[in-house]
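Please work through the exercises below with the sequence and the model at hand. Each task is followed by a stepwise solution.

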Amino acid sequence: MIEEYRIFKDESKLSPEYIPKRIPHREKELNELKRYFKTVLQDPKKSSQQVFIVGAVGSGKTLISKKFLQYVAEQYSFHDIRLKTFYTNCRVNKVFGSILNSILFTIGQTFPTRGFSLDEIVQYFISKLNEEKVHVIAVFDEFDALISHEGIEPLYIITRIREMGTENQILSSIIVSKSFSYLDKADPSILSSIQKNIIKLESYNESQLKDILYDRVIIAFEEDTVENETIELISKLASKYGDARYAIELLQLSGRIAEFRRERKVRPEHVREARLQLPPQIRKEELNYLDIHEKIILLALTKLLKEQLDSYVTLKILEQEYENMCKKFGKEALKHTQFWLKIKNLSQKEIISSTVTGAEPKGRTTLISLLNVPAEQLYNEIKERLEL
Ligand SMILES: Nc1ncnc2c1ncn2[C@@H]1O[C@H](COP(=O)(O)OP(=O)(O)O)[C@@H](O)[C@H]1O
Ligand SMILES: [Mg+2]
(Lines give C-alpha, C1' and ligand atoms only; values in the text may rest on other atoms or scores of the structure.)
(Ligands and ions follow the chains in the order given, each with its own letter.)
Protein backbone atom coordinates (compact mmCIF):
# COMPACT_ATOMS: atom_id res chain seq x y z
CA MET A 1 0.00 0.00 0.00
CA ILE A 2 2.87 2.32 0.84
CA GLU A 3 4.13 1.93 -2.72
CA GLU A 4 1.10 3.82 -3.89
CA TYR A 5 2.38 7.05 -2.36
CA ARG A 6 5.95 6.86 -3.49
CA ILE A 7 7.13 10.25 -4.66
CA PHE A 8 10.90 9.83 -4.73
CA LYS A 9 12.70 7.24 -6.80
CA ASP A 10 16.11 8.24 -5.46
CA GLU A 11 16.22 11.25 -3.19
CA SER A 12 20.02 11.18 -2.95
CA LYS A 13 20.10 12.63 -6.46
CA LEU A 14 18.98 15.90 -4.91
CA SER A 15 21.73 16.13 -2.34
CA PRO A 16 24.35 18.85 -2.76
CA GLU A 17 27.10 16.22 -2.96
CA TYR A 18 25.60 14.45 -5.94
CA ILE A 19 27.40 15.18 -9.19
CA PRO A 20 24.99 14.91 -12.11
CA LYS A 21 26.06 13.51 -15.47
CA ARG A 22 24.59 16.41 -17.38
CA ILE A 23 25.22 20.02 -16.42
CA PRO A 24 22.89 22.15 -18.50
CA HIS A 25 24.14 25.70 -19.17
CA ARG A 26 27.58 24.99 -17.79
CA GLU A 27 29.07 22.89 -20.61
CA LYS A 28 30.71 25.96 -22.07
CA GLU A 29 32.40 26.89 -18.80
CA LEU A 30 33.54 23.34 -18.19
CA ASN A 31 35.06 23.26 -21.66
CA GLU A 32 36.75 26.54 -20.96
CA LEU A 33 38.32 24.99 -17.90
CA LYS A 34 39.47 22.00 -19.94
CA ARG A 35 40.97 24.34 -22.49
CA TYR A 36 42.96 26.23 -19.88
CA PHE A 37 44.42 22.93 -18.70
CA LYS A 38 45.06 21.41 -22.09
CA THR A 39 48.80 21.86 -22.04
CA VAL A 40 49.03 20.70 -18.43
CA LEU A 41 47.28 17.49 -19.35
CA GLN A 42 49.55 17.04 -22.34
CA ASP A 43 52.72 17.61 -20.42
CA PRO A 44 52.30 17.93 -16.65
CA LYS A 45 56.03 17.87 -16.19
CA LYS A 46 56.59 21.09 -18.07
CA SER A 47 53.47 23.11 -17.67
CA SER A 48 51.13 24.18 -14.93
CA GLN A 49 48.12 26.42 -14.71
CA GLN A 50 46.17 28.68 -12.38
CA VAL A 51 42.51 29.49 -12.96
CA PHE A 52 40.04 31.49 -10.91
CA ILE A 53 36.35 30.62 -10.87
CA VAL A 54 33.95 33.21 -9.49
CA GLY A 55 30.17 33.30 -9.26
CA ALA A 56 27.32 33.79 -6.81
CA VAL A 57 26.02 31.15 -4.42
CA GLY A 58 24.48 28.24 -6.31
CA SER A 59 25.91 29.19 -9.69
CA GLY A 60 27.65 25.83 -10.10
CA LYS A 61 31.22 26.65 -9.05
CA THR A 62 31.74 23.58 -6.90
CA LEU A 63 29.98 21.43 -9.45
CA ILE A 64 32.13 22.38 -12.43
CA SER A 65 35.34 22.16 -10.40
CA LYS A 66 34.49 18.65 -9.30
CA LYS A 67 33.35 17.70 -12.79
CA PHE A 68 36.68 18.85 -14.09
CA LEU A 69 38.64 16.81 -11.55
CA GLN A 70 36.56 13.77 -12.50
CA TYR A 71 37.45 14.37 -16.12
CA VAL A 72 41.16 14.61 -15.30
CA ALA A 73 41.06 11.43 -13.24
CA GLU A 74 39.21 9.49 -15.93
CA GLN A 75 41.20 10.60 -18.90
CA TYR A 76 44.78 10.67 -17.91
CA SER A 77 47.54 8.50 -16.63
CA PHE A 78 51.20 9.24 -17.15
CA HIS A 79 54.39 7.30 -16.98
CA ASP A 80 57.21 9.60 -16.09
CA ILE A 81 55.10 11.89 -13.95
CA ARG A 82 51.94 11.24 -12.00
CA LEU A 83 49.02 13.57 -12.29
CA LYS A 84 46.90 13.76 -9.16
CA THR A 85 43.74 15.64 -8.34
CA PHE A 86 42.90 17.27 -5.04
CA TYR A 87 39.82 19.07 -3.76
CA THR A 88 39.40 21.01 -0.56
CA ASN A 89 36.77 23.32 0.80
CA CYS A 90 38.67 26.06 2.61
CA ARG A 91 35.70 26.85 4.80
CA VAL A 92 36.12 23.40 6.29
CA ASN A 93 39.90 23.36 6.16
CA LYS A 94 41.06 26.88 6.95
CA VAL A 95 44.70 26.29 7.80
CA PHE A 96 46.97 26.48 4.80
CA GLY A 97 49.68 24.30 6.32
CA SER A 98 47.21 21.55 6.92
CA ILE A 99 45.83 21.86 3.39
CA LEU A 100 49.36 21.31 2.05
CA ASN A 101 49.58 18.36 4.37
CA SER A 102 46.35 16.91 2.98
CA ILE A 103 47.77 17.22 -0.52
CA LEU A 104 50.88 15.34 0.57
CA PHE A 105 48.68 12.74 2.21
CA THR A 106 47.08 11.92 -1.15
CA ILE A 107 50.52 10.84 -2.39
CA GLY A 108 51.26 8.90 0.77
CA GLN A 109 53.42 11.56 2.41
CA THR A 110 52.99 13.74 5.45
CA PHE A 111 54.90 16.04 7.75
CA PRO A 112 54.47 16.98 11.39
CA THR A 113 52.39 20.16 11.49
CA ARG A 114 53.77 21.39 14.79
CA GLY A 115 57.02 23.17 15.27
CA PHE A 116 57.52 24.15 11.64
CA SER A 117 57.08 27.53 10.06
CA LEU A 118 54.91 27.85 6.99
CA ASP A 119 58.05 28.48 4.94
CA GLU A 120 59.57 25.23 6.07
CA ILE A 121 56.37 23.38 5.34
CA VAL A 122 56.27 24.86 1.84
CA GLN A 123 59.89 23.85 1.21
CA TYR A 124 59.18 20.33 2.36
CA PHE A 125 56.06 20.23 0.21
CA ILE A 126 57.97 21.28 -2.89
CA SER A 127 60.79 18.85 -2.38
CA LYS A 128 58.45 15.91 -1.76
CA LEU A 129 56.34 16.55 -4.83
CA ASN A 130 59.48 16.82 -6.91
CA GLU A 131 60.92 13.69 -5.44
CA GLU A 132 57.74 11.73 -6.05
CA LYS A 133 57.40 13.21 -9.54
CA VAL A 134 53.84 14.28 -8.97
CA HIS A 135 51.87 17.15 -10.41
CA VAL A 136 48.77 17.96 -8.39
CA ILE A 137 45.79 19.80 -9.81
CA ALA A 138 44.21 21.29 -6.71
CA VAL A 139 40.82 22.94 -6.27
CA PHE A 140 40.69 25.45 -3.44
CA ASP A 141 36.96 25.92 -3.01
CA GLU A 142 35.63 28.89 -1.01
CA PHE A 143 39.11 30.29 -1.09
CA ASP A 144 38.05 33.56 0.56
CA ALA A 145 37.51 31.65 3.82
CA LEU A 146 41.19 30.73 3.78
CA ILE A 147 42.22 34.31 3.11
CA SER A 148 40.05 35.74 5.85
CA HIS A 149 41.60 33.24 8.22
CA GLU A 150 45.24 33.43 7.14
CA GLY A 151 45.62 36.62 5.16
CA ILE A 152 46.70 36.80 1.53
CA GLU A 153 49.93 34.78 1.96
CA PRO A 154 48.51 31.44 0.72
CA LEU A 155 47.67 33.05 -2.63
CA TYR A 156 51.26 34.24 -2.99
CA ILE A 157 52.59 30.84 -2.09
CA ILE A 158 50.33 28.98 -4.51
CA THR A 159 51.36 31.38 -7.24
CA ARG A 160 55.03 31.24 -6.34
CA ILE A 161 55.22 27.46 -6.32
CA ARG A 162 54.34 27.57 -10.00
CA GLU A 163 56.96 30.13 -10.79
CA MET A 164 59.80 28.72 -8.84
CA GLY A 165 61.22 26.80 -11.70
CA THR A 166 61.69 23.56 -9.89
CA GLU A 167 62.79 20.56 -11.85
CA ASN A 168 59.20 19.58 -12.57
CA GLN A 169 55.97 21.48 -12.46
CA ILE A 170 54.25 20.24 -9.34
CA LEU A 171 51.13 22.29 -8.73
CA SER A 172 48.22 23.68 -10.73
CA SER A 173 45.38 25.39 -8.96
CA ILE A 174 41.74 26.22 -9.42
CA ILE A 175 40.80 28.97 -7.03
CA VAL A 176 37.08 29.20 -6.38
CA SER A 177 35.23 32.00 -4.65
CA LYS A 178 32.10 34.05 -4.71
CA SER A 179 33.90 37.24 -5.62
CA PHE A 180 37.36 38.74 -5.72
CA SER A 181 36.82 40.84 -2.62
CA TYR A 182 39.57 38.96 -0.81
CA LEU A 183 42.05 40.52 -3.21
CA ASP A 184 41.52 43.81 -1.37
CA LYS A 185 44.11 42.50 1.02
CA ALA A 186 46.71 42.00 -1.64
CA ASP A 187 49.52 44.31 -2.58
CA PRO A 188 48.67 45.72 -6.04
CA SER A 189 52.19 45.15 -7.37
CA ILE A 190 52.02 41.48 -6.50
CA LEU A 191 48.48 41.27 -7.80
CA SER A 192 49.50 42.39 -11.23
CA SER A 193 52.04 39.60 -11.37
CA ILE A 194 49.42 36.97 -10.68
CA GLN A 195 48.22 35.54 -13.91
CA LYS A 196 44.47 35.79 -13.91
CA ASN A 197 42.56 33.30 -15.97
CA ILE A 198 39.05 33.94 -14.85
CA ILE A 199 35.91 31.93 -15.45
CA LYS A 200 32.89 33.89 -14.36
CA LEU A 201 29.67 31.99 -13.74
CA GLU A 202 26.58 34.11 -14.21
CA SER A 203 23.57 33.52 -11.99
CA TYR A 204 20.96 31.26 -13.59
CA ASN A 205 17.81 32.71 -15.10
CA GLU A 206 14.37 31.17 -14.86
CA SER A 207 14.52 29.04 -17.97
CA GLN A 208 18.00 27.73 -17.15
CA LEU A 209 16.83 26.74 -13.69
CA LYS A 210 13.91 24.95 -15.30
CA ASP A 211 16.29 22.84 -17.40
CA ILE A 212 18.38 21.98 -14.35
CA LEU A 213 15.29 21.01 -12.37
CA TYR A 214 13.78 18.85 -15.12
CA ASP A 215 17.00 16.85 -15.24
CA ARG A 216 16.80 16.20 -11.51
CA VAL A 217 13.12 15.35 -11.57
CA ILE A 218 13.79 12.53 -14.00
CA ILE A 219 16.45 10.88 -11.87
CA ALA A 220 15.13 11.63 -8.40
CA PHE A 221 11.35 11.28 -8.68
CA GLU A 222 8.95 8.53 -9.71
CA GLU A 223 7.46 9.06 -13.12
CA ASP A 224 4.69 11.64 -13.39
CA THR A 225 4.84 12.72 -9.79
CA VAL A 226 5.95 16.30 -10.34
CA GLU A 227 3.61 18.67 -12.15
CA ASN A 228 5.03 21.05 -14.73
CA GLU A 229 3.53 23.99 -12.90
CA THR A 230 5.54 22.94 -9.85
CA ILE A 231 8.81 23.23 -11.74
CA GLU A 232 7.70 26.49 -13.22
CA LEU A 233 6.94 28.00 -9.85
CA ILE A 234 10.21 26.84 -8.31
CA SER A 235 12.23 28.23 -11.22
CA LYS A 236 10.47 31.50 -10.93
CA LEU A 237 11.04 31.77 -7.18
CA ALA A 238 14.67 30.73 -7.36
CA SER A 239 15.46 32.95 -10.35
CA LYS A 240 15.26 35.91 -8.01
CA TYR A 241 18.55 34.64 -6.59
CA GLY A 242 19.79 32.78 -9.67
CA ASP A 243 20.63 30.01 -7.26
CA ALA A 244 20.42 26.38 -8.39
CA ARG A 245 20.98 25.09 -4.87
CA TYR A 246 17.94 26.94 -3.57
CA ALA A 247 15.92 25.63 -6.51
CA ILE A 248 16.91 22.03 -5.83
CA GLU A 249 16.31 22.40 -2.10
CA LEU A 250 12.84 23.77 -2.78
CA LEU A 251 12.14 20.87 -5.11
CA GLN A 252 13.23 18.35 -2.50
CA LEU A 253 11.28 19.95 0.31
CA SER A 254 8.16 20.22 -1.86
CA GLY A 255 8.50 16.52 -2.62
CA ARG A 256 8.79 15.68 1.04
CA ILE A 257 5.72 17.70 1.88
CA ALA A 258 3.72 15.92 -0.83
CA GLU A 259 4.97 12.60 0.47
CA PHE A 260 4.13 13.50 4.03
CA ARG A 261 0.61 14.42 2.98
CA ARG A 262 0.37 11.13 1.11
CA GLU A 263 -0.39 12.83 -2.14
CA ARG A 264 0.46 11.43 -5.53
CA LYS A 265 1.79 14.57 -7.09
CA VAL A 266 4.03 17.41 -6.11
CA ARG A 267 1.93 20.52 -6.72
CA PRO A 268 2.61 24.27 -6.64
CA GLU A 269 0.83 24.42 -3.30
CA HIS A 270 3.59 22.25 -1.82
CA VAL A 271 6.15 24.67 -3.18
CA ARG A 272 4.46 27.58 -1.50
CA GLU A 273 4.54 25.68 1.75
CA ALA A 274 8.17 24.64 1.25
CA ARG A 275 9.12 28.20 0.57
CA LEU A 276 7.89 29.28 3.98
CA GLN A 277 9.97 26.62 5.65
CA LEU A 278 13.07 27.48 3.68
CA PRO A 279 13.59 31.19 3.78
CA PRO A 280 16.15 32.16 1.15
CA GLN A 281 17.17 35.15 3.25
CA ILE A 282 19.28 33.03 5.48
CA ARG A 283 20.70 30.72 3.00
CA LYS A 284 23.39 29.29 5.18
CA GLU A 285 26.11 29.67 2.63
CA GLU A 286 25.56 33.42 2.60
CA LEU A 287 26.24 33.60 6.32
CA ASN A 288 29.62 31.98 5.88
CA TYR A 289 30.72 34.83 3.70
CA LEU A 290 30.08 37.49 6.29
CA ASP A 291 33.15 38.84 8.00
CA ILE A 292 33.70 38.62 11.73
CA HIS A 293 32.23 42.07 12.46
CA GLU A 294 29.13 41.45 10.41
CA LYS A 295 28.65 38.21 12.29
CA ILE A 296 29.06 39.91 15.64
CA ILE A 297 26.59 42.63 14.60
CA LEU A 298 24.05 39.98 13.67
CA LEU A 299 24.65 38.12 16.88
CA ALA A 300 24.10 41.34 18.85
CA LEU A 301 20.95 42.15 16.88
CA THR A 302 19.39 38.72 17.20
CA LYS A 303 20.26 38.55 20.88
CA LEU A 304 18.48 41.85 21.52
CA LEU A 305 15.48 40.91 19.40
CA LYS A 306 15.13 37.54 21.07
CA GLU A 307 14.86 39.19 24.44
CA GLN A 308 12.28 41.86 23.66
CA LEU A 309 8.83 42.28 22.23
CA ASP A 310 9.55 45.05 19.74
CA SER A 311 10.60 43.87 16.32
CA TYR A 312 13.38 46.44 16.02
CA VAL A 313 16.22 48.04 17.95
CA THR A 314 17.74 51.46 17.57
CA LEU A 315 21.09 51.78 15.91
CA LYS A 316 22.54 53.20 19.10
CA ILE A 317 21.54 50.28 21.27
CA LEU A 318 22.72 47.85 18.64
CA GLU A 319 26.10 49.55 18.53
CA GLN A 320 26.44 49.28 22.32
CA GLU A 321 25.58 45.60 22.32
CA TYR A 322 27.98 45.07 19.40
CA GLU A 323 30.78 46.73 21.37
CA ASN A 324 30.05 44.52 24.39
CA MET A 325 30.19 41.44 22.24
CA CYS A 326 33.42 42.49 20.59
CA LYS A 327 34.98 42.57 24.03
CA LYS A 328 33.73 39.07 24.68
CA PHE A 329 35.28 37.81 21.47
CA GLY A 330 38.48 39.71 22.14
CA LYS A 331 38.01 41.85 19.02
CA GLU A 332 38.48 45.55 18.74
CA ALA A 333 35.14 47.14 17.88
CA LEU A 334 34.85 49.11 14.65
CA LYS A 335 34.59 52.89 14.76
CA HIS A 336 31.14 54.32 14.14
CA THR A 337 31.57 55.00 10.41
CA GLN A 338 32.88 51.51 9.74
CA PHE A 339 30.10 50.07 11.86
CA TRP A 340 27.56 52.01 9.83
CA LEU A 341 29.03 50.69 6.59
CA LYS A 342 28.64 47.15 7.86
CA ILE A 343 24.99 47.87 8.65
CA LYS A 344 24.51 49.15 5.13
CA ASN A 345 26.16 46.08 3.73
CA LEU A 346 23.92 43.75 5.74
CA SER A 347 20.81 45.54 4.55
CA GLN A 348 22.00 45.39 0.98
CA LYS A 349 22.26 41.65 1.41
CA GLU A 350 18.66 41.69 2.59
CA ILE A 351 19.51 40.12 5.92
CA ILE A 352 18.48 43.13 7.99
CA SER A 353 16.55 46.29 7.25
CA SER A 354 17.28 49.75 8.49
CA THR A 355 14.80 52.61 8.46
CA VAL A 356 15.09 56.18 9.60
CA THR A 357 12.23 57.71 11.56
CA GLY A 358 11.53 61.25 12.77
CA ALA A 359 11.60 64.41 10.74
CA GLU A 360 14.10 66.88 12.10
CA PRO A 361 17.72 65.93 12.06
CA LYS A 362 17.80 65.92 15.84
CA GLY A 363 14.84 63.65 16.39
CA ARG A 364 16.01 61.11 13.86
CA THR A 365 16.47 57.54 14.89
CA THR A 366 17.62 54.61 12.83
CA LEU A 367 15.72 51.42 13.51
CA ILE A 368 17.20 48.06 12.68
CA SER A 369 15.13 44.93 12.24
CA LEU A 370 15.45 41.46 10.79
CA LEU A 371 13.99 40.52 7.44
CA ASN A 372 11.74 37.47 7.51
CA VAL A 373 13.93 35.35 9.72
CA PRO A 374 13.12 34.40 13.29
CA ALA A 375 15.76 35.95 15.57
CA GLU A 376 16.23 32.73 17.49
CA GLN A 377 17.02 30.72 14.37
CA LEU A 378 19.49 33.26 13.04
CA TYR A 379 21.07 33.68 16.45
CA ASN A 380 21.87 29.97 16.58
CA GLU A 381 23.22 29.92 13.05
CA ILE A 382 25.52 32.84 13.73
CA LYS A 383 26.63 31.58 17.10
CA GLU A 384 27.69 28.30 15.54
CA ARG A 385 29.81 30.22 13.04
CA LEU A 386 31.49 32.35 15.65
CA GLU A 387 32.69 29.44 17.74
CA LEU A 388 35.71 28.87 15.59
N1 LIG B 1 24.25 23.52 -14.51
C2 LIG B 1 23.85 22.71 -13.53
N3 LIG B 1 23.30 21.52 -13.82
C4 LIG B 1 22.89 20.69 -12.85
N5 LIG B 1 22.98 20.95 -11.54
C6 LIG B 1 23.52 22.14 -11.18
C7 LIG B 1 24.00 23.06 -12.15
N8 LIG B 1 24.50 24.14 -11.52
C9 LIG B 1 24.36 23.91 -10.20
N10 LIG B 1 23.77 22.70 -9.99
C11 LIG B 1 23.44 22.10 -8.69
O12 LIG B 1 23.05 23.16 -7.83
C13 LIG B 1 23.63 23.02 -6.55
C14 LIG B 1 24.54 24.17 -6.27
O15 LIG B 1 25.66 24.15 -7.13
P16 LIG B 1 27.13 24.42 -6.58
O17 LIG B 1 28.11 24.00 -7.60
O18 LIG B 1 27.27 23.81 -5.23
O19 LIG B 1 27.09 26.01 -6.46
P20 LIG B 1 28.20 26.99 -5.89
O21 LIG B 1 29.41 26.17 -5.54
O22 LIG B 1 28.44 27.97 -6.97
O23 LIG B 1 27.56 27.63 -4.69
C24 LIG B 1 24.33 21.67 -6.55
O25 LIG B 1 23.43 20.69 -6.08
C26 LIG B 1 24.64 21.45 -8.03
O27 LIG B 1 24.71 20.08 -8.33
MG1 LIG C 1 30.30 25.86 -3.65
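The exercises concern one helix and several salt bridges.

This is a predicted model, in which local features need pLDDT of at least 70, side-chain atom pairs count only at pLDDT 80 or more, and totals for chains, interfaces and linings use all residues. Residues are numbered from 1 along each chain as its sequence is written, and side-chain values use heavy atoms, with hydrogens and water left out.

**Exercise 1.** Determine which residues of helix α1 are buried, and on which side they lie.

*Solution.* Step 1: helices are DSSP runs of H or I with at least four residues, and buried means under 20% relative accessible area, exposed over 50%, and partly exposed in between (1.4 Å probe, protein chains only). Step 2: in α1 (residues 27-36), Glu29, Leu30 and Leu33 are buried. Step 3: these residues cover an arc of only 100° around the axis (taken from the directions from the helix axis to the C-beta atoms), which places them on the same side of α1. Step 4: the face turned away from that side carries the exposed residues Lys28 and Arg35.

**Exercise 2.** Establish which parts of the chain the salt bridge between Arg6 and Glu222 ties together.

*Solution.* Step 1: a salt bridge is a side-chain nitrogen of Lys or Arg within 4 Å of a carboxyl oxygen of Asp or Glu. Step 2: the closest N and O atoms of Arg6 and Glu222 are 2.8 Å apart. Step 3: Arg6 lies in the segment before α1 and Glu222 in the loop between α9 (206-220) and α10 (228-239), so the pair ties together parts 216 residues apart in sequence.

**Exercise 3.** Characterise the pair Arg385 and Glu381.

*Solution.* Step 1: their closest N and O atoms are 3.0 Å apart, in a salt bridge. Step 2: both residues are buried.

How values were computed. Chains are lettered from A and ligands numbered from 1 in the order in which they are written. Helices (H or I, at least four residues) and strands (E, at least two) are DSSP runs, numbered from the N terminus.
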